[in-house]
Structures are given as structure tokens and as C-alpha cells.
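Student: Hey, can we go over this one together? I'd like to talk pockets and then helix packing.
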Amino acid sequence: MPDTLPEKSASPARIAYQGEPGANSDAAAREVYPGLETVPCATFEDAFAAMTSGDVDLAMIPIENSIAGRVADIHHLLPDSGLHIVGEHFMPIHFQLMVVPGTTIDQVRTVRSHTHALGQCRRLIREHGWRAIVADDTAGAAREVAALGDPTVAALAPRIAADLYGLEILAEDVEDEHHNTTRFVVLAREPHEPPQSDGPVITTFVFRVRNVPAALYKAMGGFATNGVNMTKLESYQLGGTFFATQFYADVEGHPKDTPLALALEELAFFSAYLRVLGTYPASPFRAEIAEPAENRTLRPNPRP
């Protein structure tokens, strides 16, 4: 990922994340920006507030997981935040079952973690018949287990949390799928659009189509006719209503590239609202998660 730090800063650069020290978001921030001061925030709202107030320079925010799906809060917070996506980072996620030292697995009765972590470790929880308790954060669950000192309570958290809170790991890498990966986006107050010639880029935007027949079909037509590859399209409801639907999309390409420029122009014509959230370098990890070539051909064996 290229340098996305602000050009000028009155204080050492700081990066916010949601969670407690030892959370996956903390690990992601340290992995991508090892020289920055990491700033834990209790909620996603707090992390966004730290950004808009200028208390931090960047934020490392999870936006989707390959098993648990999208992080719904972010789809609602990001469009109106005034912040910009300036980078992405894919991090393989591994959860460790941790307990107070000396505990055996037969003593465990409940397991604590973030709701997404619990959802990503269902097999282990079902196998043992444990009761799952939702915590605000994976590392926070580890801290709670350490504070309780109760051998019947375990936590699912990243390995670093066991070291931070003095816990013992009973079982390693207990996630249901070992290809479990979380995609993070890096947020900044100002856009940092890379030059067109700097390699593959991703453009992210949100939109709402006009209330006319086939509006979504027409809005999407420009991407097909101009050969723009859309890697993600999701819809979600706004304001607790069933009639206000917003769409989130990722596409390959730079808005200054003619194909994407034409596609966005057509999208805007059929949309009541359109906002580009960021154009940023595509992570090299995308090459590892690309769809197999044999899956990309429509109807490979058409009937005569």
C-alpha cells in the first residue's frame, strides 16, 4: 500500500481503530503502518469522531469478512462521514480459544467474543455445546476473561490478546474456515487519489437510483457496455424504511479512465444520489482471492 499519510501533521501520525489493544483491527493497523501510534476507540462512531475532529490522522476500519459478510455499521456511517477511503488491506483472520491459566477444555461452559468472531467459530461452539456471549470486541472479551478469573469462561480472540492479558491458549486457529479473511479500509479526511499510471486501483461509491421502472438495470448498464468490472454490489435500507435503498459498490478502475468515467456518468443520470467514497490502490492480496478462470465463462457448455 502506498504512503497515505497526510502531508502535514502538527503531531506524530496516529491511526484509530475500533476495539481494545490486541484486537484484529489493532493488528491490521500495526501491520500496515508499523511506525504509527495506534489509538483504540470503543465504537466505530468513536473512531469516526476521532477522525473528523482531527485527533487522529487515519483510521483502520473493517468493512467485510469472507465468512460473516459486511460490517453493517460501516455502510451506514461512511457515506455521510465526509471521510475518504485511501487504501485497503486484507488480513487472514485466526482465532485462538483462550482461558485463565490452568483451565482444561472440559471446564469451559461459555465463550465470549465479538459477534462476528462467534459467527466465524460456530463449529467449535456447537461441538462443545457452549453458550456464546457477545462482547464489544475480541480483545475486550479476552480482557474480561482475565478479569473474571473464572475457568468456565473462555474467549475467542487474536493470539496477541493472550499475551497482553496473561491468558493461556487451549486451541489454536479454531475458525470454521481457514481462508477466513477480513478486508479493512483506510480512511483519511482528504482524498488521496493515485495517478492513473500507478497500477490497478479500486473505486468505491454509494448511490440511490431514481424511482422509475428498471432504474437499477439502466444504472448498471453503463458498466457492462463500457467493460468495467464490478467486484461488489450490495444494497441496504436507510433510516429503518423499506423504500429507501442505498447501494454500495466497488469497481476496478480509475474515474479518469474513459470506460469508468462514462459508466459513472450514466449511473449519475439514473441516480438520485451518488458519492464516490474513494479511489485507492488495489491490494496485491486481490490476486490471491481472484475467481478461478474456469468460473468466469458464462455457460461453458451451452446446449445445442
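Tutor: Sure, classes before anything else: Ala, Val, Leu, Ile, Met, Phe, Trp, Tyr, Cys and Pro count as nonpolar, Asp, Glu, Lys and Arg as charged, and the others, Gly among them, as polar. By that split, the lining of the largest pocket has six nonpolar, seven polar and eight charged residues. This is a predicted model, where local features need pLDDT of at least 70 and side-chain atom pairs pLDDT 80 or more, while totals for chains, interfaces and linings use all residues. Residues are numbered from 1 along each chain as its sequence is written, and side-chain values use heavy atoms, without hydrogens and water.

Student: What counts as a pocket, and as lining?

Tutor: On a 1 Å grid over the protein atoms alone, a pocket is an open set of points where a 1.4 Å probe fits, with protein on both sides within 12 Å along at least five of seven lines; lining residues have an atom within 4 Å of a point.

Student: Which residues are closest to the centre of the largest pocket?

Tutor: Phe 90, Thr 231, Arg 286, Ile 289 and Ala 290, out of 21 lining residues.

Student: New topic: at what angle do helix 8 and helix 9 pack?

Tutor: About 170° (from 0 to 180 degrees between N-to-C directions, axes fitted to C-alpha atoms over the stretch in contact), with the axes 8 Å apart. Helices here are DSSP runs of H or I, at least four residues, numbered from the N terminus. The pair is therefore roughly antiparallel, a label for angles over 145 degrees.

Student: And what classes of residue make that contact?

Tutor: Seven nonpolar, three polar and two charged residues, with contact meaning heavy atoms within 4.5 Å.

How values were computed:
Helices (H or I, at least four residues) and strands (E, at least two) are DSSP runs, numbered from the N terminus. Angles under 35 degrees count as roughly parallel, over 145 as roughly antiparallel, 65 to 115 as roughly perpendicular and the rest as oblique.
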